[in-house]
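Thanks for coming. I will go through one model, starting with a single side-chain pair and working outward.

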Amino acid sequence: MRFRYIFLLFILIFVSGCEQYSGKSKKLNFKPEVKYSNTGFALIYNENLDLKKLDQRSLEIFHKSLKKKSQVKITNPSNGKSLIAKIKSNNVKFSNFYNSVISERIAEDLEINPLEPYIEIVLISKDSTFIANKAKTFDEEKKVAEKAPIDGIKISSLNEIKENITIKKSDQKISYSIKVADFYYKKSAFLMIDRIKSETTIKTIKLVELSQNNFRVLLGPFNDIKSLQESFEQMNSLNFENLEILKNV
């Protein structure tokens with residue numbers, strides 16, 4: 001009887017230990033959310049596009065890789081205005097040249113130039129904090145903001161009145177570069193350059209030394225949207241996950 005009692009006690013201790021180990025394993029296998037950001041051109045939605053319907057007065061966008069219902073901060077780099085938007089779908093087909101499809105309302109609120117719709121998109125994570133500089137906060141936007149962490153988002157300039165600004169074609173020449181990737185080793189950057197030269201027809205490639213261990217491969221500069229888009233689409237054939245378009249200043 002004593003042996004049987006010891007044996008049962010051993011089994012209970014063993015099972016308990018397995019459960020504790022399993023719990024620890026789940027924690028160890030947890031992968032924190034990777035922060036996503038991208039700068040590039042948006043496609044402003046209109047009814048003539050062969051796309052799934054997007055409400056023109058909504059603060060929703062189409063994206064290709066971010067999870068549905070994710071919240072993002074969209075910024076117009078030319079004036080610093082930002083707002084909070086939500087991913088409506090990540091299953092809509094549109095050119096990879098565009099980092100998103102945005103509604104007409106978003107373009108209006110951020111005063112985005114339709115001839116040069118350059119924006120920055122940042123995924124809102126639990127630890128992100130930013131100030132959305134807007135002239136007015138709409139009821140629909142408040143509902144989206146309420147779902148985000150309370151201490152993560154601050155809305156400023158709530159009482160300002162939005163001015164009607166007519167966007168005119170700029171006389172200044174555009175200048176953009178395509179950021180391929182940043183590398184820790186210069187040798188790796190040169191290997192990437194060799195690959196681009198062998199697998200594409202792109203000739204304007206340069207290596208920028210940002211620091212002792214940070215080397216950036218850039219394509220360009222490009223002074224017109226057409227050549228920029230052609231090079232961007234060539235790079236997509238190499239299956240890069242997050243090509244970015246950088247505005248040269």
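The side chains of R216 and D182 are joined by a polar contact of 2.7 Å; that term covers a pair of N or O atoms within 3.5 Å, where within protein one must be able to donate a hydrogen and the other to accept it, and residues adjacent in sequence count only if both atoms are side-chain atoms. This is a predicted model: local features need pLDDT of at least 70, side-chain atom pairs count only at pLDDT 80 or more, and totals for chains, interfaces and linings use all residues. Residues are numbered from 1 along each chain as its sequence is written, and side-chain values use heavy atoms, with hydrogens and water left out.

R216 is found in strand β11, strands being DSSP E runs of at least two residues and helices H or I runs of at least four, numbered from the N terminus. Is R216 buried or exposed? R216 counts as buried because its relative accessible area is 19%, and the cut-offs are under 20% for buried, over 50% for exposed and partly exposed in between, with a 1.4 Å probe and protein chains only.

Now the largest nonpolar core, meaning buried Ala, Val, Leu, Ile, Met, Phe, Trp, Tyr and Cys residues joined through side-chain atoms within 4.5 Å. This core has 26 residues, and V180 is one of those touching the most other members. β9 (176–183), α4 (186–199), β11 (214–222) and α5 (225–236) each supply at least two of its residues, and β9 gives the most, five. Another core, of 18 residues, lies apart from it and includes Y36 and L123.
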